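The exercises below are to be worked with the sequence and the coordinates at hand. Each task is followed by a stepwise solution.

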Amino acid sequence: MSPSHLQNSNAAIDTPPRPPTPEHRFGTLAVHSGAHHDPTTGAVIAPISLSTTFAQTGVGKPVGAYEYTRSANPNRDNFEQAVAALEHAKYALAFSSGSATTATILQSLAAGSHVVSVSDVYGGTHRYFTKVAAAHGVHVTFSPCIEVDVEELIRPNETKLVWIETPSNPTLGLVDIRKVASIAHQHGILVVVDNTFMSPYIQNPLDHGADIVVHSVTKYINGHSDVLMGVAAFNSDALKERLSFLQNAIGAVPSPFDCWLAHRGLKTLHLRAREATRNATTVAEALEASPLVQSVNYPGLNSHPQRAVALKQHRDGMGGGMLSFRIKGGQEAAERFCQNTRIFTLAESLGGIESLVEVPSSMTHAGIPREQREAAGVFDDLVRMSCGIEDADDLKADVLRALEKSAITSKSDAANGQA
Ligand SMILES: *Cc1c(COP(=O)(O)O)cnc(C)c1O
């Protein structure tokens, strides 16, 4: 290769496309944020930096920005930049799972700290709050109606964090983030929102007053059910210092390969979130119209009790890809329904391109005592669905067929005098 050829190729690469800026819209940011061209080869897609260590030219003088992969890695940086752009945050930090993200945030609190949380948190979050945080002297109070009683539950000088999950799992109840944040902020308390169910495409909690937004990247952000990962995004420099210290000190970090995969997944988030919403809306409307269904929980329906919050907090009032419903015929009908769907796979998790169905009372929420579970609306006949990006008409037909099959048996139960 002649020196002039090298010079020419370098000259071409020295004028990379301008990075996206906040005035760009979501799709442009999703495709281009953190997606730098490789400065030496011009590769449009970043290589996977598997190296755990980076050469130094002198003692304490690394060649570039990197020394050791736990502290920082190019693929993790790229992914974090992309999430920060999509969540309207200055910073984002990636972790080895959504649960590791939660754990790291809780570990940033001093012993003796108090947290107020919504009752309907993700099961693993509830487990960490009650079984792990308590061992480190951090105590959590749960509230079923946090908008109303957060003020009452705040303990002067002790409460450091308010934890919100909206929509809730699996009943899709919504919390008005702005309402809770304005009360918390009057007391100097930080607000965390778990935004896993909506994804940054549909809801940006920092815009509604939250201080930290967290995701299980495992779900919508990666979107292909093949990566376990988490992320937290925020604007405060003090949080950046504290949480990146803990990210490195605790070391619950994702691999470069997982960061690369999740970054690839994130580039199509807007397409997937729109399609999943379209599909869930079609399925929710079909369920609501069916005489075999008792009730439907979906924030995209006008019948949803907090529809006004969805209109205020979600992009275009979108409902997302998750819904749940109570089937007529009890637990047996719910179980039969999940076994009778052909496109919806019976499995835990959510947010992937493929549709999933489950019965929370016997699967994801089986660990919660019945009384507590039913108080939150999680009855034995509740079915939870994650709508993927298949065709809406196929999903609707699959659901209606499975309903009929499950209900036929229910009718014969009734004929046998069991109803
Ligand atoms: C899955 C999930 C988590 C936990 O994330 P992992 O990546 O499985 O550790 C936290 N919050 C919500 C809402 C989730 O759905």
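**Exercise 1. Overall build**

What percentage of the 419 residues in the protein do buried residues make up?

Solution. The model is predicted.
Step 1. A residue counts as buried when its relative accessible area is under 20%. By this cut-off, buried residues make up 51% of the 419 residues.
Step 2. Count the secondary structure: the protein has 15 helices and 14 strands.
Step 3. Compare the radius of gyration with the globule rule. The protein has 23 Å, close to the 22 Å given by the rule for 419 residues, so it is as compact as a globular protein of that length.
Step 4. Look at the contacts. Of those with a separation of 6 or more, 72% are between residues 24 or more positions apart.
Step 5. The accessible surface is about 18,900 Å², and carbon and sulfur atoms hold 53% of it.

**Exercise 2. The ligand shell**

Describe the surroundings of the ligand and its polar contacts.

Solution.
Step 1. The ligand is surrounded by 14 residues, the closest being Gly 98, Ser 99, Asp 194, Thr 218 and Lys 219.
Step 2. Sort the shell by type: five residues are nonpolar, six polar and three charged.
Step 3. List distances to ligand oxygen atoms. A side-chain N or O atom of Thr 218 lies 2.7 Å from one, and a side-chain N or O atom of Ser 216 lies 2.9 Å from one. For Gly 98, a backbone N or O atom is 2.9 Å from a ligand oxygen.
Step 4. Check the cover: the protein takes up 93% of the 380 Å² of accessible area that the ligand has on its own.

**Exercise 3. Helix α4**

Is helix α4 (residues 98-107) enclosed or open?

Solution.
Step 1. Eight of its 10 residues are buried, so α4 is largely enclosed by the rest of the structure. Among the buried ones are Gly 98, Ala 100, Ile 105 and Leu 106.
Step 2. Inspect the N-terminal end, where Ser 97 acts as a cap: its side-chain oxygen is 3.3 Å from the backbone nitrogen of Ser 99.

**Exercise 4. Unusual backbone geometry**

Find the cis peptide bonds and positive phi values in the loop between β6 and α7, then examine His 88.

Solution.
Step 1. Pro 167 lies in this loop, between β6 (159-165) and α7 (177-186). Its bond with Thr 166 is cis, with omega about 0°.
Step 2. Pro 170 is in the loop between β6 and α7, and the peptide bond from Asn 169 to Pro 170 is cis, with omega near 5°.
Step 3. Leu 172, also in the loop between β6 and α7, has a positive phi near 60°. Its relative accessibility is 0%, so Leu 172 counts as buried.
Step 4. His 88 sits in the loop between α3 (74-86) and β3 (91-95), with a positive phi of about 55°. At 40% relative accessibility, His 88 is partly exposed.

Methods
Residues numbered from 1 in each chain as written. Predicted model: local features only at pLDDT ≥ 70, side-chain atom pairs only at ≥ 80, totals over all residues. Heavy atoms only, no water. Near = heavy atom within 4 Å. Polar contact = N/O pair within 3.5 Å; in protein donor to acceptor, adjacent residues only side chain to side chain. Areas by Shrake-Rupley, 256 points an atom, 1.4 Å probe, with all protein chains shown as cover. Nonpolar A, V, L, I, M, F, W, Y, C, P; charged D, E, K, R; others polar. Helix = DSSP H or I, 4+ residues; strand = E, 2+ residues; numbered from the N terminus. Rg over C-alpha atoms; globule rule 2.2 N^0.38 Å. Buried < 20%, exposed > 50% of the residue type's maximum accessible area, 1.4 Å probe, protein only. Contact = heavy atoms within 4.5 Å.
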